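Hi everyone, thanks for coming. I'll walk you through one structure today, so have a look at it on the screen before I start.

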Amino acid sequence: MPAVLTVNDAGAERRIVLEARAVVGRDPDCDVVLSSRSVSRKHAIVEKRGESWVARDLGSANGLFVEGKRVAEAALAPGASLRFGDVEATFAPGAQPTPSAERLAQSLSVAPSRRARPLALVVVVTLSIAALVAATVWARYCDGVPRAASPAAAPAHG
């Protein structure tokens, strides 16, 4: 049975439906991405074990807190309060179906994976080079002023 992790990060509340396992952290590849600098890149994991749920710290600098106590691992009871660094969250097992508008908002707020970054860089560099080439062509051929090919080709004045 799925669960819901309600996270209060950067002044916004988000509900994340957990199916079986979710890594929480700042890294864009995490299942639950948090923006606070107090959160480690891979901070903690929330996972289902049998019929119960457990939260486990992944060696974070600022710790995982369950019900106000710093823990390495703890079972999660219904309504348990968690804290990942400075980010507060609440755990609720037995998730209700998420309304379609909220599912859409969650899907749109997913950070791009690290694998997309090199492609984006190539596209930006290619477009920049194309813009420079176009500007050069326009300046050389479209402004109506003929240009000398080289100083040696210019006629000598005598």
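Okay, salt bridges. This is a predicted model, and the count in it comes to 4 salt bridges.

Let's begin with Arg 49. Its side chain meets the side chain of Glu 47 in a salt bridge, with 3.0 Å from N to O. Are these two residues buried or exposed? Glu 47 has 13% relative accessibility, so it counts as buried, because the cut-off for that is under 20%. Arg 49 comes out at 35%, so it's partly exposed.

Now, Arg 49 has another partner. Glu 73 and Arg 49 also meet through their side chains in a salt bridge, this time at 2.7 Å, N to O. Where do the two sit along the chain? Glu 73 is in strand 9, residues 73–76, while Arg 49 is in strand 5, residues 44–49. That puts them 24 residues apart, and the pair links distant parts of the chain.

Stay with Glu 73 for a moment. Glu 73 is partly exposed, because its relative accessibility is 39%. Its side chain also meets that of Arg 56 in a salt bridge, with 4.0 Å from N to O. Arg 56 lies in strand 6, residues 52–57, and Glu 73 in strand 9, so this pair ties together parts that are 17 residues apart in sequence. Arg 56 has a relative accessible area of 27%, so we call it partly exposed as well.

Put those together and you get a network of salt bridges that links Glu 47, Arg 49, Arg 56 and Glu 73.

Strands 5, 6 and 9 keep coming up, so let's look at the sheet they belong to. How many strands form this open sheet, and in what order? There are 5 strands, and the order is 4-3-5-6-9, with mixed pairing. Strand 4, which is 32–33, and strand 9 stand at the edges. Each of those has a single partner strand, so one side of each is left without a neighbour in the sheet.

Further in, you can trace the pairing of strand 5 with strand 6. These two run antiparallel and are joined by 6 bridges. If you want a spot to find on screen, look for Val 46, which stands opposite Ala 55 in strand 6.

Next up, aromatic rings. How many aromatic pairs are counted here? The count comes to 1 aromatic pair. The rings are those of Trp 53 and Phe 91, with centres 5.8 Å apart and planes at 55°, so the pair is tilted. Why not edge-to-face? Because that label needs planes over 60 degrees apart. This pair, too, links distant parts of the chain: Trp 53 is in strand 6 and Phe 91 is in strand 11, residues 87–93, which puts them 38 residues apart. Trp 53 is buried, because its relative accessible area is 3%. Phe 91 is at 0%, so that one counts as buried too.

There's another ring to point out, the one on Phe 65. The charged end of Arg 83 sits over it, 4.0 Å from the ring centre.

Okay, over to the surface. Which residues form a nonpolar patch there? They are Leu 121, Val 125, Ile 129, Val 133, Val 137 and Tyr 141, and together they have about 600 Å² of accessible area. Take Val 125 as an example: it lies in helix 2, residues 116–142. Its relative accessibility is 41%, so it counts as partly exposed.

Last stop, some loops. Gly 59 is in the loop between strand 6 and strand 7, which is 64–66. With 70% relative accessibility, Gly 59 counts as exposed, because the cut-off is over 50%. Gly 59 and Ala 72 are 13 residues apart in sequence and 8.2 Å apart in space, going C-alpha to C-alpha.

Then there are backbone angles. Most residues other than glycine have a negative phi. Ala 10 has a positive one, near 55°. You'll find Ala 10 in the loop between strand 1, at 3–9, and strand 2, at 12–18. It's exposed, because its relative accessible area is 69%. Glu 67 also has a positive phi, near 55°, and its place is the loop between strand 7 and strand 8, at 69–71.

That's my tour, thanks for listening.

Definitions and conventions: Residues are numbered from 1 along each chain as its sequence is written. This is a predicted model: local features need pLDDT of at least 70, side-chain atom pairs count only at pLDDT 80 or more; totals for chains, interfaces and linings use all residues. Side-chain values use heavy atoms; hydrogens and water are left out. Buried means under 20% relative accessible area, exposed over 50%, partly exposed in between (1.4 Å probe, protein chains only). Helices (H or I, at least four residues) and strands (E, at least two) are DSSP runs, numbered from the N terminus. Rings of Phe, Tyr and Trp (its six-membered ring) pair if their centres lie within 6.5 Å; planes under 30 degrees apart count as stacked, over 60 as edge-to-face and the rest as tilted. A charge sits over a ring if NZ of Lys or CZ of Arg is within 6 Å of the ring centre and within 35 degrees of the ring normal. Patches are made of residues with over 30% relative accessible area and no salt bridge: like charges are joined within 9 Å, nonpolar side chains (Val, Leu, Ile, Met, Phe, Trp, Tyr) within 5 Å. Accessible areas come from the Shrake-Rupley method with a 1.4 Å probe; for residues, only the protein chains shown count as cover. Two strands pair if DSSP finds at least two bridges between them.
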